[in-house]
Amino acid sequence: MSPSLHSFRVLSANIYGTSEPSEPTGPIQTQELKGVPSAPGQVIATRETDTSVLIQWAPPKEPNNLIGYYIDQCVQGSKNWTSANHKPHKNAKFVVSGLTTGETYMFRVQAINELGLSDESQESAPLTVKAALTTPSAPYDIALLYCDGHSMILNWKKPLRSGGAKIKEYYVDKRRSGTTMWREVHIPPITERVENLTEGAVYQFQVYGANLAGLGPASKHSEDLTCDAWTMPEPGPAYDLTFCEVRDNSLVVEWQKPVYTGSEPITGYHVEYAKKGTANWITANEKAASHRFLKVTGLEVGTTYVFRVRAVNAAGVGMASMASDPVTAKAVAGSQEVSCVVDEKSGDIVLSFESCQINEGSKFIWKKDYKEITDFSKGVVIKSEGTHSKLIFKNPDKEDFGTYSVSVTNTEGVSSSYTISNEELVKMLALSYDIRHPVIPLKSELAYKILERGRMRFWLQAEEISSNVTYKFFANNKELSGADMAHDVATGIIEFIMDHFTEENEGTYTCQITDGGGKAQSSLVLIGNGKRGQGLLLSYDQPFKCGSNPVGPHKTCSIRLHSTKKKNNTLWTVANLKKESVFHWFREDTEIIPDVKPDLGSGVCKLPIKEFSLKTAGIYKATISDDRGKDMSQINISGKVFDDAINKLSQLAGKSAAELVINCTATGIQLQCHMKYYTSEMNITWYHGETKLSHSDKIVIGGTPAMATMEVVEPVEKDKGKYSIVITDPENSHKRTLDLSGDGQYFQYFSSLISFPPELIPVVGGLPDVVTIMEKKTLSLTCTVCGDPKPQVSWLKNGSEYVVSLDQGKFASLTIKGVSMEDSGRYTMIVQNKYGGESVDIVVSVYRHGEKIPEAKPTLTPKTIIPPKLPIEIPQPKTQPAPSAAPSTPSPAAPKAALGRGVKSPTPSRRK
């Protein structure tokens with residue numbers, strides 16, 4: 001359109017017609033329009049607030065009667081461009097509002113005129129929405145922590161606003177009280193200590209914080225602080241009070257240890273609190289807390305409090321800390337607590353926390369007993385994602401009990417804790433072990449079955465196995481191999497067949513199973529008893545029958561049962577054998593491989609029966625086969641046959657029975673009668689006086705293949721008297737008696753066993769289990785000892801002996817003056833006379849001055865009762881010696897009590 005001149009006028013109209021025209025305008029020249037504007041130049045986005053961004057750009061090189069601009073925005077990674085303004089904006093900068101904090105955006109701009117929109121500008125660089133950096137606010141509440149007369153250690157509270165960046169430095173100014181000019185303490189930034197002060201002078205201080213944006217405003221100046229050296233015996237003030245786990249009625253307060261501890265070590269802390277605006281301070285804990293944190297309870301919901309802390313040492317209660325910032329007893333909305341579980345798959349112990357708030361830069365801080373966890377060498381792992389965080393114990397152990405807390409930074413104080421008690425930890429460790437070491441349940445443990453021709457089948461049955469199951473068999477810790485291993489998935493049976501089982505194969509058999517993550521193990525002991533009873537001569541004949549031939553091709557005699565004076569009862573038969581003959585023994589159709597091979601020359605075939613009893617009763621068979629055919633003979637060892645054998649054994653036992661002897665056990669006294677053979681099927685009766693004794697919890701009757709026994713459990717006075725054993729057979733009875741009455745030979749021994757009277761057996765009392773003592777102090781271990789005759793007292797320390805005589809009646813002591821670290825160890829006291837004694841252990845732990853008192857954990861042996869020496873020496877009445885003119889000879893020294901095992905020969909008493 002080319003430029004031209006134009007005039008304009010206006011007419012009005014209604015239903016009746018048109019009016020007269022207005023006066024025309026002056027000439028107006030039109031302009032030539034060349035097209036839409038060109039695209040705007042480079043777009044730059046900069047931070048402004050946490051929800052807005054400032055956009056600036058270069059105007060188009062060809063504006064062409066520019067009307068304004070439209071600004072578009074888009075979240076990085078998407079293509080969803082939206083307009084930030086709804087009418088043209090005339091300036092080349094614009095604040096885009098309503099953005100999401102922490103989200104990353106890109107921006108572009110278009111110009112517009114009467115003909116339309118220009119092309120889009122280039123996109124801006126991505127920008128994350130957050131507040132622009134500013135200088136930090138001022139620190140506040142400057143406090144003095146220590147003064148040595150030439151320098152002061154100051155503390156202050158951090159600025160409430162960091163300015164969007166970490167505060168890296170602080171600067172301190174000082175001035176004399178009453179002056180107005182401030183002077184920098186140091187050109188380099190400092191943190192706490194102010195040097196080069198004048199002793200006795202009064203100072204004021206102010207502090208600045210600095211970040212990347214620059215130096216913030218100065219704090220309010222401190223109160224007047226006098227540079228006098230601190231010499232008071234009580235501790236200085238604690239500092240840096242912080243809060244976590246704020247709930248409606250409780251919170252946890254933490255603090256830092258005072259810089260100045262006073263004349264003695266700090267032993268605890270008192271926490272005080274008051275309602276905001278009041279001076280009515282209340283002590284939260286009457287008993288000083290030994291750690292630097294305390295949970296304060298009993299607060300009023302919605303009430304605002306301030307707190308302070310006082311340290312305590314032996315000299316008294318120290319200075320109060322600077323009052324904390326106000327804190328309101330009200331839980332953060334949506335607060336959740338830490339949970340603790342054992343992972344069902346991994347067996348890990350897991351503490352989990354879900355935060356109700358999360359912001360940009362928020363971090364989960366886990367602590368144990370309110371000390372941040374930084375050591376991850378023992379398998380502790382922290383995993384955080386989004387609003388969820390876990391503290392995982394990959395290798396949990398018994399030392400992991402305690403209070404675990406978590407806090408979330410850049411929130412309104414979101415935090416929680418969980419206390420794992422020692423008892424709960426033990427249960428979780430057991431559950432963790434079970435999960436990590438699953439056990440395959442077994443229907444039946446490892447068992448065996450004797451097959452034909454000396455083969456042995458070992459087998460067990462699991463509740464369930466898969467086709468991927470693996471297993472191993474071991475004999476005496478040596479793995480067995482061979483093709484005769486098999487399993488059945490349907491039944492869960494696993495078996496191993498041994499071709500030939502002999503006495504050399506006796507021992508422990510084990511099967512180990514692995515199926516997926518599960519394992520199982522079962523063992524079986526197949527071993528003979530080294531103590532074999534002796535037998536007697538017994539024979540039994542039974543007619544032999546084998547088909548229609550009463551004698552058989554081998555002319556086999558009937559089987560006979562012989563109980564000889566050797567160690568075994570024996571089945572034997574005589575046959576006409578050849579070198580090629582094969583002989584087999586069976587019991588209840590199960591083959592038995594005897595230790596004695598058949599004598600093919602004499603035709604005698606023997607089967608020793610070890611430990612003859614009801615367990616060995618049954619039908620025994622003998623078979624012989626060769627080229628002439630096969631013969632069989634059998635004997636039924638039961639009923640009358642078995643009873644007759646037992647009667648013969650009873651005869652031999654009665655004739656061979658020795659006199660009763662007495663033995664001390666852990667629970668009482670045991671009477672023993674040794675004989676050539678014993679089995680419970682014999683007719684044997686025990687008596688106390690004329691009263692027949694029966695097996696019970698009080699009277700335990702039993703024996704071994706070589707002796708019969710009867711034990712009196714926890715004997716008392718009424719258990720004194722005569723005890724007898726009677727062994728009866730069809731022809732005779734055999735009786736053995738032991739007198740445990742007041743007039744008998746063993747009375748003193750029995751009395752000491754049933755009552756441990758203080759006038760006989762030495763008794764120790766008054767010693768602790770653990771002693772903890774500071775270096776250079778005097779250690780005195782004193783106890784009461786009673787017994788008659790006067791006991792011998794011995795002290796042992798890690799194998800070295802101290803011999804201490806019993807003095808002052810019933811007291812014995814070991815005293816070490818000026819103990820050193822070398823005196824730490826396990827001390828054993830042994831007290832003993834001829835009637836017995838006992839020993840006790842004490843653990844002594846020595847620590848240096850200023851060190852933390854160690855937590856001694858004794859690994860003590862239990863209190864040990866020492867049996868009396870045998871034979872017992874019966875006290876004899878004292879008699880006056882007859883007068884004699886001959887020179888007297890010194891009486892022999894009293895025998896010294898026997899020392900415990902490993903005790904060295906006596907050495908002089910240790911004196912320090």
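User: Before we get to the sheets, what has to be found before two strands pair?
Analyst: Two strands pair if DSSP finds at least two bridges between them. Keep in mind that this is a predicted model. The number to remember for pairing is at least two bridges.

User: With that in hand, which strand order does the open sheet of three strands have?
Analyst: The sheet is open and its pairing is antiparallel. β13 (140-147) and β17 (193-194) stand at the edges, each with a single partner strand, so one side of each has no neighbour in the sheet. The order is β13-β14-β17.

User: How many bridges hold β13 and β14 together in the pairing?
Analyst: Strand β14 covers residues 152-157 and runs antiparallel to β13. One of the bridges joins C147 to M152, which sits in β14. The pairing of β13 and β14 extends over five bridges.

User: How many helices and strands does the whole protein have?
Analyst: The chain has 912 residues, and 40% of them count as buried. Taking contacts between residues at least 6 apart in sequence, 63% join residues at least 24 apart. As for the elements, the protein has three helices and 68 strands.

User: How much surface does the protein expose, and what share do carbon and sulfur atoms supply?
Analyst: Both values describe the protein as a whole. The exposed area is about 51100 Å², and the carbon and sulfur share is 51%.

User: Let's look at α1. What span does α1 reach from its first C-alpha to its last?
Analyst: Helix α1 takes in residues 422-436, which is 15 residues. At 1.5 Å a residue the expected value is 21 Å, and the model comes close to that. The span reached is 21 Å.

User: Where do the buried residues of α1 fall, seen down its axis?
Analyst: L425, M428 and S432 are the buried residues of α1. Seen down the axis they fall within an arc of 65°, so they line one face of the helix. The face turned away from that buried side carries the exposed residues E423, V426 and K427. So the place asked for is one face, within an arc of 65°.

User: And which strands do the buried residues of α1 pack against?
Analyst: The residues in question are L425, M428 and S432. Their packing partners are β29 (339-342), β30 (349-354) and β36 (415-420).

User: N410 isn't a glycine, so what is its phi?
Analyst: N410 sits in the loop between β35 (402-408) and β36. With a relative accessible area of 47%, N410 is partly exposed. Its phi is positive, at about 55°.

User: Is D589 buried or exposed?
Analyst: D589 also has a positive phi, near 70°, in a residue other than glycine. Its place is the loop between β47 (582-587) and β48 (590-592). Exposed means over 50% relative accessible area, and D589 has 60%, so D589 is exposed.

User: Which geometry does the aromatic pair of Y146 and W230 have?
Analyst: The count comes to 17 aromatic pairs in this model. In the pair of Y146 and W230, the rings are 6.2 Å apart centre to centre, with 85° between the planes. Planes over 60 degrees apart count as edge-to-face, so this pair is edge-to-face.

User: How far apart in sequence are the parts that this pair ties together?
Analyst: Y146 lies in strand β13, while W230 lies in the loop between β20 (225-226) and β21 (239-244). Y146 is partly exposed at 21% relative accessibility, whereas W230 is buried at 14%. The parts tied together are 84 residues apart.

Methods: Residues are numbered from 1 along each chain as its sequence is written. This is a predicted model: local features need pLDDT of at least 70, side-chain atom pairs count only at pLDDT 80 or more; totals for chains, interfaces and linings use all residues. Side-chain values use heavy atoms; hydrogens and water are left out. Helices (H or I, at least four residues) and strands (E, at least two) are DSSP runs, numbered from the N terminus. Buried means under 20% relative accessible area, exposed over 50%, partly exposed in between (1.4 Å probe, protein chains only). Contact means heavy atoms within 4.5 Å. Accessible areas come from the Shrake-Rupley method with a 1.4 Å probe; for residues, only the protein chains shown count as cover. The expected span of a helix is 1.5 Å times one less than its number of residues. The arc is that of the directions from the helix axis to the C-beta atoms. Rings of Phe, Tyr and Trp (its six-membered ring) pair if their centres lie within 6.5 Å; planes under 30 degrees apart count as stacked, over 60 as edge-to-face and the rest as tilted.
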